[in-house]
Amino acid sequence: MNADNERSGLLSVESALERATDHIYDFYDGTFSKETVARFVDESYELLTKSAKVKTHLVALAEHFALDRLRQVGIVEGTIRKTNPEVLFVCVHNAGRSQMAAALLDFYAGGAVIVRSAGSIPVESLNPAVVASMAEMGLDLSKAYPKPLTDDAVRAADVVITMGCGDACPIYPGKRYLDWDLDDPAGKSLAEVRPIRDEIDRRVRVLLGEMASPADPADWPDGRGESSDRPPDQGS
């Protein structure tokens, strides 16, 4: 790439980040200053750039990530009201276990729980075998992306579940911490990932049954509570 093309590319990214800042500032309607929003957008872009190999949609992902991070800050600071319990799943790469757990809990909770996932050392994309195993259950992870663990994500959560990431997750009082000892699906085939997925599925159902939330297991989308049957096919 010559100097002119490189300069044009940088200006294009800067313009896109400025538009993302405007969108988020308008969305939160003055809850955060324009400077704060711009800082979070720029930081989110830089954080995702560290692990992203393909940068085609990186600004859009950064906008989504910054929007979510600012919500977490608002909850911690008390400027945004929390209406549902929040669960954060954390693993090393945010490419397998935590993504499966988040997708399953989000599915079963039906909106009654805010669900997030993150990685202590996020990679560039999800494990293809993980995506395929979830597709077998009718859950589409093709648009999910690894996200770095942030302090505010932990502070905004009510339940934090770690999966093999050691002491990377900060500890705050008043939260429920669980550590799920699960095999890492990295490098495993689809056949090897399925048992990991099934164990996560079991634990997620138990977790939701234990949580003090409006979701009743009898009202879960598959209508079978603790049954080991798969959720119905939801399409892609």
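The following paragraphs consider the confidence of this predicted model, then its largest pocket and its salt bridges.

The protein chain has a mean pLDDT of 85, with 83% of its residues at 70 or more. Confidence is highest in helix α5 (residues 128-135), at a mean of 97, and lowest in helix α1 (residues 3-28), at 78. Two segments stay under a pLDDT of 50: residues 3-8, for which the model has one contact beyond four places in sequence, and residues 213-236, for which it has 47 such contacts. Where pLDDT is low, the predicted coordinates should not be read in detail.

The largest pocket encloses about 620 Å³ of space. It is lined by 28 residues, of which A102, V115, R116, S117 and K147 are the closest to its centre. Helices α3 (58-77) and α4 (97-109) and strand β2 (114-119) each contribute at least two residues to the lining. By character, the lining comprises 15 nonpolar, six polar and seven charged residues. R116 also belongs to a network of salt bridges with D68, R71 and E86.

In total, the structure holds 16 salt bridges. Within helix α7 (residues 190-210), E199 and R202 are three residues apart and therefore separated by about one helical turn; their closest N and O atoms lie 2.7 Å apart. Both E199, at 24% relative accessible area, and R202, at 43%, are partly exposed. The same helix holds R205 and D201, four residues apart; this pair forms a salt bridge at 3.1 Å, and both residues are buried. In helix α6 (residues 151-156), D152 and R155 are likewise about one turn apart, and their salt bridge spans 3.8 Å. D152 is buried, at 18%, whereas R155 is partly exposed, at 37%.

Definitions and conventions
Residues numbered from 1 in each chain as written. Predicted model: local features only at pLDDT ≥ 70, side-chain atom pairs only at ≥ 80, totals over all residues. Heavy atoms only, no water. pLDDT = per-residue confidence, 0-100. Contact = heavy atoms within 4.5 Å. 1 Å grid on protein atoms, 1.4 Å probe; cavity = no way out; pocket = protein on both sides within 12 Å on 5 of 7 lines; lining within 4 Å. Points joined across faces, edges and corners; volume = space filled by probe spheres on them. Nonpolar A, V, L, I, M, F, W, Y, C, P; charged D, E, K, R; others polar. Salt bridge = Lys/Arg side-chain N within 4 Å of Asp/Glu carboxyl O. Buried < 20%, exposed > 50% of the residue type's maximum accessible area, 1.4 Å probe, protein only.
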